[in-house]
Amino acid sequence: MSKPRILIARAVFPEVIERLSHHFEVESNQADTVWSKVELMEKLRDKAGAFTTGSDRIDGEVLAACPQLKICANMAVGYNNFDLDAMTARGVLGTNTPDVLTETTADFGFALLMATARRITESEHYLRAGQWTKWSFDMFAGSDIHGATLGILGMGRIGQGIAKRGSHGFGMNVIYHNRSRLDAATEAECKARYVSKEELLKTADHLVLVLPYSAASHHAIGAAELAQMKRTATLVNIARGGIVDDAALAQALRDKRIAAAGLDVFEGEPAVHPDLLTVPNVVLTPHIASSSVPTRLAMANLAAENLIEFFTQNKALTPLNPQVLKG
Ligand code: GLV
C-alpha cells in the first residue's frame with residue numbers, strides 16, 4: 001500500500017523528517033523557503049497531511065484548493081494561522097503543541113521581563129558603542145523585579161508558569177486577569193490574585209501578556225489601556241502580534257507614558273513597526289520564546305506524532321477540533 005503524502009512546510013530537525021519518512025511520502029522544505037499562499041496551495045494540492053508552523057496560513061481558500069488534505073499539525077501552541085471553523089467544516093483535523101513548551105516559554109517571558117526592567121540590551125548597546133567612560137549614580141537605573149507587582153493578562157499554562165516564577169522565585173505580588181477565573185487551588189499554587197482588567201492595568205509594575213490571539217483580543221492593549229498604566233510600568237508581550245497596538249505602544253514609549261517594553265511578537269511580523277526600531281526603551285526579540293533546542297525538538301516530535309497517530313489510528317495526541325475524528 002502506498003504511503004500517504006505529507007508536506008513539511010518549513011525546515012525542521014532532520015531526525016524528525018527521518019521519522020516521518022517511515023510512515024509517509026514526505027515533501028520537505030529544508031531550504032526553509034517562505035512560500036506565498038499560491039505556492040503553499042500548489043505544494044499542498046496532492047497532500048493528505050501537512051506539518052505547519054505559525055507562518056503557514058490555512059484558510060478556506062487553501063482548503064478548497066487542497067481537497068485531499070485531512071490534517072494540519074502545527075508546530076506551535078498558538079493556532080491563529082488556522083481558520084479552525086473552516087477546517088472543521090471540511091473535516092480537516094488541526095493539532096497544536098501545548099505543554100511541551102510551557103516552562104521554556106515561561107522562562108523566556110521572565111528573561112524578557114528582567115531585560116526590560118533592568119535595561120539590559122539598552123546598556124549593552126551603549127557599552128558596545130564605546131560610550132562607557134565613567135561610573136554614574138543613575139546609569140541605566142531601571143525598576144526592581146523582586147517585591148514588585150506582576151500583572152499577567154491571560155492565565156493559561158504559560159501565564160501560570162510566569163506567575164510561579166514571580167511569586168515563588170522573586171517574592172512578587174502577582175495579580176492576573178483572564179476570561180475565566182482559576183480555581184482556588186491553582187490560584188493558591190501560583191500565589192496569584194484575580195483582578196479586573198482595569199485594576200490590572202492600574203496597579204501592575206510589570207504587565208506580561210500571555211493570552212491567545214483572536215478577534216476579541218485584537219489590540220487588547222492600545223492607547224487607552226497604555227494610558228491607564230503606571231508611568232514607571234514595563235510591558236512584556238510574548239503572546240501574539242496584534243494583541244498590542246504597536247503604533248500606540250511606540251508612541252507611549254517615546255512619550256515615556258510607560259517606562260519600557262519587551263516584545264517577542266509583532267503585528268505583521270517579521271516586519272516590525274519602524275517606530276519601535278527607533279525608541280531606545282524597548283527590548284526586541286524575533287519570536288523566540290519557545291526556542292530552546294530541547295523544546296523545539298519536543299514540539300517538532302509532538303507535531304510528527306500527531307500526524308502518525310492520525311494516519312495509523314485515526315486519533316491525535318493534541319487535537320484542536322476532535323469532533324472531526326468522530327465523523
Ligand atoms: C509560538 O508562538 C507558539 O504558539 O508556539
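## Sheets, domains and salt bridges of a predicted model

Strand β6 (residues 149-153) runs parallel to strand β9 (residues 206-209), and 4 bridges join the two. Within this pairing, leucine 153 has leucine 209 of β9 as its bridge partner. The structure described here is a predicted model.

**The seven-stranded sheet**

β6 and β9 belong to an open sheet of 7 strands with parallel pairing, in the order β8-β7-β6-β9-β10-β11-β12. Its edges are formed by β8 (192-194) and β12 (282-284), each of which pairs on one side only. On average, neighbouring strands of this sheet are turned by 20° against each other, direction ignored. Helix α7 (residues 157-170) lies across β6, β7 (173-177) and β9, and runs at about 175° to β6.

**The five-stranded sheet**

A further open sheet contains 5 strands in the order β2-β1-β3-β4-β5, again with parallel pairing. Strands β2 and β5 (93-95) stand at its edges with a single partner strand each, so one side of each has no neighbour in the sheet. The average turn between neighbouring strands of this sheet is 15°, direction ignored. Strand β1 (residues 5-8) runs parallel to β3, and 3 bridges join them; in β3, alanine 50 is the bridge partner of leucine 7. Helix α13 (residues 293-313) packs on the sheet and touches β1, β3, β4 (71-74) and β5. The direction of α13 makes about 160° with that of β4.

**Domains**

The domain assignment divides the chain into domain 1, covering 5-97 + 293-324, and domain 2, covering 102-284. The C-alpha centres of domain 1 and domain 2 lie 32 Å apart.

**Salt bridges**

The model has a count of 18 salt bridges. Three of them are listed below, with the distance between nitrogen and oxygen.

| Lys residue | Acidic residue | N to O distance |
|---|---|---|
| Lysine 43 | Glutamate 27 | 3.4 Å |
| Lysine 37 | Aspartate 59 | 2.5 Å |
| Lysine 37 | Glutamate 61 | 2.8 Å |

The salt bridge between lysine 43 and glutamate 27 links distant parts of the chain: lysine 43 lies in helix α2 (residues 37-44) and glutamate 27 in strand β2 (residues 25-27), 16 residues apart. Lysine 43 is partly exposed, at 28% relative accessibility, and glutamate 27 is also partly exposed, with a relative accessible area of 26%. Both residues take part in a network of salt bridges that links Arg5, Glu27, Lys43, Asp46 and Lys47.

Lysine 37 forms salt bridges with aspartate 59 and with glutamate 61. The pair of lysine 37 and aspartate 59 connects helix α2 with the loop between β3 (49-52) and α3 (60-65), across 22 residues. Is aspartate 59 buried or exposed? At 12% relative accessibility, aspartate 59 counts as buried, because the value is under 20%. Lysine 37, in contrast, is partly exposed, with a relative accessible area of 32%.

The salt bridge between glutamate 61 and lysine 37 ties together parts that are 24 residues apart in sequence, because glutamate 61 lies in helix α3 and lysine 37 in helix α2. Glutamate 61 is partly exposed, at 47% relative accessibility.

Key. Residues are numbered from 1 along each chain as its sequence is written. This is a predicted model: local features need pLDDT of at least 70, side-chain atom pairs count only at pLDDT 80 or more; totals for chains, interfaces and linings use all residues. Side-chain values use heavy atoms; hydrogens and water are left out. Two strands pair if DSSP finds at least two bridges between them. Axes are lines fitted to C-alpha atoms, for helices over the stretch in contact, and angles run from 0 to 180 degrees between N-to-C directions. Contact means heavy atoms within 4.5 Å. Domain bounds come from an automatic or database domain assignment. A salt bridge is a side-chain nitrogen of Lys or Arg within 4 Å of a carboxyl oxygen of Asp or Glu. Buried means under 20% relative accessible area, exposed over 50%, partly exposed in between (1.4 Å probe, protein chains only).
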